[in-house]
Amino acid sequence: MKTGDVLIAINPCEMGSNKRPTLTVGKSYKIKEVYSNDFLIIDDEGDDHWFNIKGVPPYTKYFTPTINSEIYY
């Protein structure tokens, strides 16, 4: 996984007690930064949103890679 890879949302990633979605299912999101075991995207609210690469829950709960992305485990 590297900066510039594109992921497709498969889960709306509901946040907080009001369960507001921060991702749009089917929408592509470009990875802005990768740090250690986390990566950053800009969510639908325009906020920085960090996700775990291998942690709990893993990013695969929320995203699937596009065909041109280089995803390493």
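Tyr 35 stands opposite Asp 38 in strand S6. I start there, in a model that is predicted, and work outward. S6 covers residues 38–42, and S5 pairs with S6 in the antiparallel sense over three bridges. These two belong to an open sheet of three strands, in the order S5-S6-S7, with antiparallel pairing. S5, residues 33–35, and S7, residues 48–52, are the edge strands, each pairing on one side only. On average, neighbouring strands in this sheet are turned by 25° against each other, direction ignored.

Now the other sheet. What is the strand order here? It is S4-S1-S8, again three strands in an open sheet, and the pairing is antiparallel. S4, residues 28–30, and S8, residues 63–65, stand at the edges; each has a single partner strand, so one side of each is left without a neighbour in the sheet. Here the average turn between neighbouring strands is 40°, direction ignored. As a general reminder, strands of a sheet pair through backbone hydrogen bonds, either parallel or antiparallel.

S1 has a partner on either side. With S4 it runs antiparallel, joined by three bridges, and with S8 it also pairs in the antiparallel sense over three bridges. Leu 7 is a useful marker for both pairings. Leu 7 stands opposite Tyr 29 in S4, and in S8 the bridge partner of Leu 7 is Pro 65.

Which side chains of S1 are buried? Leu 7 and Ala 9 are, and they point to one face; Val 6 and Ile 8 point to the other face and are not buried.

That brings me to the core. The largest nonpolar core has 14 residues, and those that touch the most other members are Leu 23, Phe 39, Ile 41, Phe 51, Tyr 59 and Phe 63. S1 and S6 each supply at least two residues of this core. In general, nonpolar side chains in soluble globular proteins tend to be buried together.

Take two of those residues in turn. Phe 39, leaving out residues up to four places away in sequence, touches a list that includes Met 1, Leu 7, Ile 31, Trp 50, Phe 51, Tyr 59 and Phe 63. So much for Phe 39.

Ile 41 is in strand S6. How accessible is Ile 41? Its relative accessible area is 0%, so Ile 41 counts as buried. Beyond four places in sequence, Ile 41 touches Leu 23, Tyr 29, Ile 31, His 49, Phe 51 and Phe 63, among others. One of these, Ile 31, is ten residues from Ile 41 in sequence, and the two are 5.1 Å apart in space, C-alpha to C-alpha.

Last, a polar residue. Where is Asn 11? It is in the loop between strand S1, residues 6–9, and strand S2, residues 14–15. Asn 11 has a relative accessible area of 18%; buried means under 20%, so Asn 11 is buried.

What does the side chain of Asn 11 have close to its polar atoms? The backbone nitrogen of Cys 13 lies 2.7 Å from a polar atom of that side chain. The backbone oxygen of Lys 61 lies 3.5 Å from a polar atom of the Asn 11 side chain. Leaving aside neighbours within four places in sequence, Asn 11 is in contact with Leu 23, Val 25, Lys 61 and Tyr 62. Leu 23 came up before, as one of the core residues that touch the most other members.

How values were computed
Residues are numbered from 1 along each chain as its sequence is written. This is a predicted model: local features need pLDDT of at least 70, side-chain atom pairs count only at pLDDT 80 or more; totals for chains, interfaces and linings use all residues. Side-chain values use heavy atoms; hydrogens and water are left out. Two strands pair if DSSP finds at least two bridges between them. Helices (H or I, at least four residues) and strands (E, at least two) are DSSP runs, numbered from the N terminus. Axes are lines fitted to C-alpha atoms, for helices over the stretch in contact, and angles run from 0 to 180 degrees between N-to-C directions. Buried means under 20% relative accessible area, exposed over 50%, partly exposed in between (1.4 Å probe, protein chains only). A polar contact is a pair of N or O atoms within 3.5 Å; within protein, one must be able to donate a hydrogen and the other to accept it, and residues adjacent in sequence count only if both atoms are side-chain atoms. Contact means heavy atoms within 4.5 Å. A nonpolar core is a set of buried Ala, Val, Leu, Ile, Met, Phe, Trp, Tyr and Cys residues joined through side-chain atoms within 4.5 Å.
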